[in-house]
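Reader: I'm at home with gels and columns, less so with models on a screen. Could you walk me through how to read one?

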Amino acid sequence: RSAVVWSRTDRPARMFVEWATTEGFEQASLVPGAAALPEDDFTARAMLGGLPPGQTIFYRAWFQDLAEPKIRSEPVIGRFRTPPQEPTQRVRIAWSGDTAGQGWGIDVARDGMKTYQSIAASDPDLFIHSGDLIYADNPIVPEVTLDDGSIWRNLTTEAKSKVAETLDEFRGNFRYNLLDEHVRDLNSRVAQICQWDDHETRNNWYPGQSIEDDPRYSVRSLDLLSARARRAFLEYTPTRRAGVDLERIDRVLHHGPLLDIFVLDARTWRGANSSNRQPSIGPETAFLGPAQLGRVKARLTRSRALWKVIACDMPLGLVVGDGPDRFEAVANGDAGTPLGRELEIADLLAFLKRERIRNVVWITADVHYAAAHHYDPARAQFTDFDPFWEFVAGPLHAGTFGPGTLDPTFGPEPRFCALPPGMKGNRPPSDGLQFFGIIEVAGGNDRTLNVSLHNRDGRQLFHQPIEPA
C-alpha cells in the first residue's frame, strides 16, 4: 500500500508527485516529496501511501524551484503496479544483474542497453536488480575494437573515465547508466528493488580490506570507498530507508499472498576472502553475518506467502575465485562436507527443513551468464535440507563469461546453461548473450511457480514449472 518514487533534478527544488488509478488522473492525489539539494546530488523521493492493492498506479512527478517558486519542471510520467491482495491475481517478477561492466558502455548505434527494453516489454510487476548496478572499478573508454574488426563506440563521461574514488565519481557511475533511454523507460514503468554486490565499490571487496597493488587508486581503504559507494547507491535507487538502520540493504518484500521476496546483502557483513575452508563458524566464515542470518530466519518463519523467493547477490554452488586459493562466494571447490562460508548456508538450509518452510526458490546473478541448478540432498555431501532450485541470470549489459564449476557439497545439478560450447570470454552485449529471468504465478487455481530465462531480445530460452509442496 505504499511506494517510493525517486527522481533527480539540476537545482535546489521540491519534488511533487501526483498519482491516480486512471491514466486521465481523475481524482488524483498530490504528494509533496523531499527537497532536492546538492548534499544529495539533487536526488529526491516521495512516499506514496494508501495505495489500493492490485492496481496500476499512474503518476507524474515534477520539481518546483526553491529559489524561484514560479519555475516548475516538465513532469515525468510513469506507472507501476501494486502487489495484489487476493491470490487470484497474476504475479510476475523479473530479475537480472551486472550493468556497464568490462568497459561495455552505451553504444547508441547498437541500441544501447537493450536488455532493459526487453524486460520492460515482458510487463513484470517488479524488477529486482540483483547487484552490480554499476561498475565503479571499470572505466568506459570511447572505443573498443570487436573481434570482427568493427568498433564499439561508447558514450563517455568524466566520471566514467577513471575508477571511482570520490563520492561524486560514484554518483557519476549511476548518472552514466541513466543516459540510456531503455534504463530510464524501465525505471518509469516497473517498480524496482535493488541489491548491491562488489562492483558498486570494487571487484571482490570485503570489509577491512586495503588496496595494496592497484596504481589506479589513491584511496586505499575499502571501508572508506564502500561508505561512499553505499551513499551513492542509496541516493540513486528507490530504496526505502526507515527504522534504526537507514543504510540497511537487506529486506523482505511482501508481494501479496502468493510471493514474498527476501533480499539478501552478501557484501556488508562478510569476512575476508580466504581459502574458505575453516571447520567451524566464526567471523572468518561470515557471508551474511549472524545478525542478518537471524533476520532472514525470522522473516522466513513469519512469512505466510505460498512462495518464498530468496534473492542473493551471489550464487550458492558455483565456485567464484578471488586469486590463487581464495574464494569470493560461498563454494570453496572442496567436494566434502561444508567448510568456511558453506557452514552459514548449511545452517540456513537445515533451518528451513527443520521449521518446515516449503516452496523456497533462490535467484541470483553475478557470474555473467544464465543457468538453472537443482540442489538435492541425494546428491550432496551435506544432506540436512529439502531439495530446491537456484536460477542464475545476467548480465544485463556487461561482458559475458562462463560457465562456472559447481561445488558438490549441496548436491547441485546443472539443468540448463545459456552459453554456447567453447565460448570465448568477455563477449560484448552485441553478441546477444545478455540474460534476464522471470518468475510468474498465474493465480486463481494455478499455484505453479513458472521460472523462465530469456536473452537480450526477450526470447525465452528455458522454462521450469515448480509445483508447490
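Reader: Let's start with one residue. In which strand is the place of Asn450?

Author: This is a predicted model, so keep that in mind throughout. Asn450 sits in strand β20, which covers residues 446-455.

Reader: What does Asn450 touch, leaving out residues up to four places away in sequence?

Author: The idea is to skip the chain neighbours and see what the fold brings in. Here Asn450 touches Ile438, Ile439 and Glu440, along with His463, Gln464 and Pro465. Take Ile439: 11 residues separate it from Asn450 in sequence, and their C-alpha atoms are 5.7 Å apart in space.

Reader: And which side chain makes a polar contact with the side chain of Asn450?

Author: That of His463, at 2.8 Å.

Reader: Now a loop residue. Is Val330 buried or exposed?

Author: Look at relative accessibility, where under 20% counts as buried. Val330 has 0%, so it is buried. Its loop runs between β14 (307-311) and α6 (342-354).

Reader: Which residues is Val330 in contact with, again leaving aside neighbours within four places in sequence?

Author: Asn276, Phe287, Pro315, Leu316, Arg341, Glu342 and Ile345. For a longer jump along the chain, try Asp407: Val330 is 77 residues from it in sequence, with 9.5 Å between the C-alpha atoms.

Reader: On to helices. How many Å should the 14 residues of α4 span?

Author: Use the rise of 1.5 Å a residue, and count one less than the number of residues. For α4, residues 222-235, that predicts 20 Å, and the end C-alpha atoms are 20 Å apart, so the two agree. You can repeat the check on α5, residues 290-302: its 13 residues should span 18 Å, and the ends are 18 Å apart, which agrees too.

Reader: What caps the N-terminal end of α4?

Author: Ser221 does, with a side-chain oxygen 3.3 Å from the backbone nitrogen of Asp223.

Reader: Which residues of α4 are buried, and what covers them?

Author: The buried ones are Leu222, Leu225, Ser226, Ala229, Arg230, Ala232, Phe233, Leu234 and Glu235. Their cover includes strands β1 (3-8), β4 (43-48) and β11 (191-194), plus helix α2 (167-177).

Reader: How many residues of α2 are buried?

Author: 8 of its 11, so α2 is largely enclosed by the rest of the structure. Those residues are Glu169, Phe170, Arg171, Gly172, Asn173, Phe174, Tyr176 and Asn177, and they pack against α3 and α4.

Reader: At what angle do α2 and α4 pack?

Author: For a helix pair, check the axis distance, then the angle. The axes of α2 and α4 are 9 Å apart, at an angle of about 40°. That makes α2 oblique to α4, since roughly parallel would need an angle under 35 degrees. The crossing is right-handed. Leu167, Phe170, Arg171 and Phe174 of α2 make the contact with Leu225, Arg228, Ala229, Arg231, Ala232, Phe233 and Glu235 of α4.

Reader: And at what angle do α1 and α3 cross?

Author: Roughly 25°, with the axes of α1 (residues 114-121) and α3 (residues 181-189) coming within 8 Å. These two helices are therefore roughly parallel, and their crossing is left-handed. In α1, Lys114, Tyr116, Gln117, Ile119 and Ala120 meet His182, Val183, Asp185, Leu186 and Arg189 of α3.

Definitions and conventions
Residues numbered from 1 in each chain as written. Predicted model: local features only at pLDDT ≥ 70, side-chain atom pairs only at ≥ 80, totals over all residues. Heavy atoms only, no water. Helix = DSSP H or I, 4+ residues; strand = E, 2+ residues; numbered from the N terminus. Buried < 20%, exposed > 50% of the residue type's maximum accessible area, 1.4 Å probe, protein only. Contact = heavy atoms within 4.5 Å. Polar contact = N/O pair within 3.5 Å; in protein donor to acceptor, adjacent residues only side chain to side chain. Axes fitted to C-alpha atoms, helices over the stretch in contact; angles between N-to-C directions. Parallel < 35°, antiparallel > 145°, perpendicular 65-115°, else oblique. Left-handed = near helix turned anticlockwise from the far one by under 90°.
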